[in-house]
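Hi,

Here is the structure I promised to pass on. Have a look at it first, and then read on for what I found in it.

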Amino acid sequence: AGQKQTVNLRGYNLKSRTLKMKNPEQGIIPVTAKGKGGILSNTLLYSADGYGQLHAAPDAALSKRTALSIEPGQVCERCFTAPLQQHWFTFRLNRRQKCHLSVLSRRLGAPSDVRMTIFAASGKAIVDADDTEDPGDYMATHFADPEITMDLKPGVYKVRLIESQGR
């Protein structure tokens, strides 16, 4: 946050496939790009934070068996490309600590409705979240991003994200 960054763009009638911008310190900001002939793109929301970015191949299968290993304080960007698709992550805690897991999807304008479940090493689901209310978005009529904050004991956990709309 606060530094210049190159953002990759995908779309039609673009002057460039990249956009150089100075990130805000933190938060979600609206971004508009100018295309060929001065045509402005629709506004998209961009999230900037102070967390470490985890880079994973965008087409990597993240099944229960091939879950992506993450660490507390990391952000991982993934896209759902098929109805009811699942993404699995795993993390280890060496001490008891408060954990906060959050999905930014609908709040960034994506049409997905994600459900999040945390599993203990035994495979037992210990918490499930769907459509957590965002008090900062008082205009929203439907909240579709899950968020979980809880104390977890030392151990290995798995997180399943599933696009639950089936579209």
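Start with the open sheet: five strands make it up, in the order β6-β8-β13-β10-β11, with mixed pairing. At its edges sit β6 (68-69) and β11 (125-130), each of which pairs on one side only. Inside that order, β10 (residues 114-119) and β13 (residues 155-163) are joined by six bridges and pair in the antiparallel sense. If you want a spot to centre your view on, take Ile118, whose bridge partner in β13 is Val159.

Before going further, do keep in mind that this is a predicted model.

As for the whole chain, there are 13 strands and zero helices, so the element string reads β-β-β-β-β-β-β-β-β-β-β-β-β from the N terminus on. The chain has 167 residues, and 27% of them are buried. Of the contacts with a separation of 6 or more, 50% are between residues 24 or more positions apart. The chain exposes about 11200 Å², and carbon and sulfur atoms supply 51% of that area.

Now for another pair of strands. β9 (residues 97-102) runs antiparallel to β12 (residues 147-152), and six bridges join the two. Ser102 has Glu147 as its bridge partner in β12. β9 also has two faces worth colouring separately: Gln97, Cys99 and Leu101 lie on the covered one, while Lys98, His100 and Ser102 lie on the uncovered one.

Gln97 deserves a closer look, being a polar residue on that covered face. Is Gln97 buried or exposed? Its relative accessibility is 17%, and because the cut-off for buried is under 20%, Gln97 counts as buried. Leaving out residues up to four places away in sequence, Gln97 touches Pro72, Met150, Asp151 and Leu152.

On to the core. In soluble globular proteins, nonpolar side chains tend to be buried together. Here the largest nonpolar core has 17 residues, and those with the most contacts inside it are Phe91, Leu101, Met116, Val159 and Leu161. Two or more residues come from each of β8 (86-93), β9, β10, β12 and β13.

Val159 turns up again here, as one of the core residues with the most contacts. What does Val159 contact, leaving aside neighbours within four places in sequence? The list is His87, Trp88, Phe89, Phe91, Leu101, Met116, Thr117 and Ile118. Ile118 in that list is the bridge partner I mentioned above.

The charged pairs come next. Side chains of opposite charge can pair when their charged atoms come close. How many salt bridges does the structure hold? There are two. In one of them, Arg115 pairs with Asp128, and the closest N and O atoms are 2.6 Å apart. That pair links distant parts of the chain, with Arg115 in strand β10 and Asp128 in strand β11, 13 residues apart. Arg115 also forms a salt bridge with Asp130, where the closest N and O atoms are 3.2 Å apart. This pair links distant parts of the chain too: Asp130 is in strand β11, 15 residues from Arg115 in strand β10. Through shared partners, Arg115, Asp128 and Asp130 are joined into one network.

How covered are these three? Arg115 is partly exposed, with a relative accessible area of 31%. Asp128 counts as partly exposed at 38% relative accessibility, and Asp130 counts as partly exposed at 26%.

Finally, two residues you may want to click on. Pro30 is in strand β3 and is exposed, because its relative accessible area of 57% is over 50%. The C-alpha atoms of Pro30 and Leu108 are separated by 9.3 Å, although the two residues are 78 residues apart along the chain. Gly38 is in the loop between β3 (27-31) and β4 (44-48), and it is partly exposed, with a relative accessible area of 38%. Between the C-alpha atoms of Gly38 and Lys15 the separation is 9.1 Å, and the two are 23 residues apart along the chain.

That's what I have for now.

Cheers

Note on methods
Residues numbered from 1 in each chain as written. Predicted model: local features only at pLDDT ≥ 70, side-chain atom pairs only at ≥ 80, totals over all residues. Heavy atoms only, no water. Helix = DSSP H or I, 4+ residues; strand = E, 2+ residues; numbered from the N terminus. Buried < 20%, exposed > 50% of the residue type's maximum accessible area, 1.4 Å probe, protein only. Contact = heavy atoms within 4.5 Å. Areas by Shrake-Rupley, 256 points an atom, 1.4 Å probe, with all protein chains shown as cover. Pairing = 2+ DSSP bridges. Core = buried A, V, L, I, M, F, W, Y, C linked by side-chain atoms within 4.5 Å. Salt bridge = Lys/Arg side-chain N within 4 Å of Asp/Glu carboxyl O.
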